Amino acid sequence: MAARKHQTQRKRREGARPHKIHLNIGTVIFLAAFAYLILRLFLYFTETHITSYQVVSGPLSSNETYTAIALREESVVYAETNGYIHYYTTDVSKVGKNSPVCSIGNSEKVSVLTETTAEQKADARKILSEYAASYSADRFSELNGTRSALENVLRGDSSQALEDAGAMLAQEDGVVVYTTDGYEGYTAEDVTEDWFDVNSYSGQAHLSSDQVNAGDPVYRLVTSEEWTLVIPVTDRQFAKLSTMTSIKVKFLKDGQTQNGTIETRQIQGKNYAFVTLQNGMARYAQDRFLNVELVTNIQSGLKIPNTAITKKEFYQIPAAYRTAGGDSSSYGVLREVLKDDGTMTTEFVSVTFYTDPEEQLADGETRSYYYVDPSQLEAGDVLVAQDSQTKFTVRDTVSLKGVYRLNVGYAVFCPINVLDQNDEFTIIASGTSYGVSQYDYIAADASAVVENQIMN
């Protein structure tokens with residue numbers, strides 16, 4: 001009995017002993033690799049990631065787009081009697097003086113050709129193709145104009161109608177358009193802000209067989225190839241366009257471009273641009289509102305994102321204080337130093353000179369400056385010109401725009417010369433001293449980088 005009790009107590013003591021953990025080399029390596037992986041994951045999700053951008057060459061691709069109103073030399077022709085209108089020419093077609101345009105008769109019906117000609121079919125296909133290409137759900141009213149154009153093409157020249165009713169003759173050479181909207185006769189001096197409310201715009205399409213009363217408008221006649229686009233612009237756009245006398249216009253309806261002259265004016269406190277064109281009037285004669293792109297971004301150079309641009313302070317040093325080193329292979333400045341015996345002497349300090357733009361002085365003379373990194377000189381340093389006793393105290397700084405180049409594995413500030421800019425990209429000059437070149441890699445977001453930061 002006692003032996004059994006002793007054996008039970010011994011087992012309890014042995015069961016209470018902790019088991020030893022046996023580590024082999026494989027377990028140690030696994031735990032170390034796992035810990036390293038956890039550390040790398042932690043650092044990845046907590047550190048700031050630097051996104052690089054490769055510098056490319058090209059122009060700014062986007063230009064400002066506008067909604068313009070087209071003004072032409074045009075007049076409205078009105079019905080002379082009551083009756084049914086019948087047109088003899090297609091919509092937006094040229095007519096000569098005294099050519100028959102339409103007639104007003106007592107009958108809604110008018111004789112038509114018994115067979116559609118190949119020319120009529122081609123004209124009809126063209127009308128439908130142009131309508132399909134420029135269709136917009138916001139401008140469904142254009143359907144009436146298209147319908148009118150199709151009816152006039154397919155109706156053909158009705159000799160019977162000419163015999164049965166007196167034809168209305170064109171009073172001048174011009175282009176006949178079978179829509180009217182109340183803007184006819186307006187000039188640039190009449191512009192108001194209300195003109196550009198597209199939602200309230202209402203044009204009237206005139207169709208063959210429509211019933212009209214005497215004095216109703218039946219068509220308009222455009223008598224000049226010269227026409228004008230009136231464009232409301234912002235203050236920023238106004239300032240830019242005011243420096244230009246000519247401009248290229250791209251019509252978004254069909255992608256066609258034209259060159260015109262441009263003038264800016266302020267009318268009733270609003271900014272407007274007036275673009276005068278000498279051709280292409282007939283192509284857009286049916287349109288009062290046109291979506292256009294003014295091609296102003298014509299500068300070409302190195303293209304970088306705006307977020308890559310930062311600024312850095314530099315000391316501004318007159319060019320006269322640049323000095324060649326003793327071996328003539330480096331450049332720097334002569335700086336005054338105080339010797340142990342209390343006398344002054346000069347020492348050569350090798351520095352990096354950045355851009356050297358010219359500053360225009362009030363008296364018309366020019367003076368060149370170099371810019372030096374503040375880490376290479378100190379405020380209060382006195383510089384001495386090499387060939388004279390003229391002295392200059394380092395003090396003034398100027399802020400230069402630049403980017404961080406990443407090619408060498410760490411962030412290096414490089415100054416840039418801005419040529420043009422839009423909301424997203426900037427065009428900079430190539431060949432800038434200590435600048436960037438095509439295919440260089442730069443920090444896409446300068447705010448996420450500090451100078452000399454090592455790239456992982």
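At 4% relative accessibility, D287 counts as buried. In this predicted model, D287 occupies the loop that runs between β15 (270-277) and β16 (289-295). The side chain of D287 meets that of K253 in a salt bridge, with 2.6 Å from N to O. The two side chains are likewise joined by a polar contact of 2.6 Å. K253 is located in the loop between β13 and β14, 34 residues from D287 along the chain, and the pair thereby links distant parts of the chain. Unlike the buried D287, K253 is partly exposed, because its relative accessible area of 32% falls between the limits of 20% and 50%.

The overall architecture provides the setting for this pair. The protein contains six helices and 30 strands. Of its 456 residues, 39% are buried. The protein exposes about 26900 Å², and carbon and sulfur atoms supply 48% of this area. When contacts between residues at least 6 apart in sequence are considered, 73% of them join residues at least 24 apart.

The interior was examined next. The largest nonpolar core comprises 25 residues, and those with the most contacts inside it are W227, L229, I231, F251, V275 and V292. Two or more residues of this core are given by each of β3 (65-78), β8 (174-177), β12 (217-232), α6 (235-241), β13 (246-251), β15 and β16. Strand β12 supplies the largest share, four residues. The surroundings of F251 illustrate how this core is assembled. With neighbours within four places in sequence left aside, F251 is in contact with W227, L229, Q256, Q258, L277, Y284, L290, N291 and V292. Apart from this core there is a second, separate one of 16 residues, which includes A79, C102, A170 and L221.

Strand β12 also contains V218. V218 counts as buried, since its relative accessibility is 0% and the limit for a buried residue is under 20%. Beyond the neighbours within four places in sequence, V218 is in contact with V77, Y78, A79, I85, Y87, M168, Y178, H206 and V212. One of these partners, Y178, is 40 residues away from V218 along the chain, yet the C-alpha atoms of the two are separated by 7.0 Å.

Charged pairs form a further group of features. Side chains of opposite charge can pair when their charged atoms come close. A search of the whole structure finds 16 salt bridges. In one of them, E189 pairs with R265, and the closest N and O atoms are 3.3 Å apart. This pair, too, links distant parts of the chain: E189 lies in the loop between β9 (179-180) and β10 (204-205), whereas R265 belongs to strand β14 (residues 257-267), 76 residues apart. E189 is exposed, with a relative accessible area of 54%, while R265 is partly exposed, with a value of 25%.

Another salt bridge is formed by R405 and D440, whose closest N and O atoms are 4.0 Å apart. R405 lies in strand β26 (residues 397-405) and D440 in the loop between β29 (425-428) and β30 (441-443), so this salt bridge ties together parts that are 35 residues apart in sequence. R405 is partly exposed, with a relative accessible area of 24%, whereas D440, at 10% relative accessibility, counts as buried. In addition, E74, D181, E184, R220 and R288 are joined into one network by salt bridges that share partners.

The surface also carries a nonpolar feature. F30, L31, F34, L37, I38 and L41 form a nonpolar patch there, with about 600 Å² of accessible area together. F30, a member of this patch, is found in helix α2 (residues 25-46). F30 counts as exposed because its relative accessibility is 55%, and the class of exposed residues begins over 50%. The nonpolar residues of the patch thus lie on the surface, whereas those of the two cores are buried.

Note on methods:
Residues are numbered from 1 along each chain as its sequence is written. This is a predicted model: local features need pLDDT of at least 70, side-chain atom pairs count only at pLDDT 80 or more; totals for chains, interfaces and linings use all residues. Side-chain values use heavy atoms; hydrogens and water are left out. Patches are made of residues with over 30% relative accessible area and no salt bridge: like charges are joined within 9 Å, nonpolar side chains (Val, Leu, Ile, Met, Phe, Trp, Tyr) within 5 Å. Accessible areas come from the Shrake-Rupley method with a 1.4 Å probe; for residues, only the protein chains shown count as cover. Buried means under 20% relative accessible area, exposed over 50%, partly exposed in between (1.4 Å probe, protein chains only). Contact means heavy atoms within 4.5 Å. A polar contact is a pair of N or O atoms within 3.5 Å; within protein, one must be able to donate a hydrogen and the other to accept it, and residues adjacent in sequence count only if both atoms are side-chain atoms. A nonpolar core is a set of buried Ala, Val, Leu, Ile, Met, Phe, Trp, Tyr and Cys residues joined through side-chain atoms within 4.5 Å.
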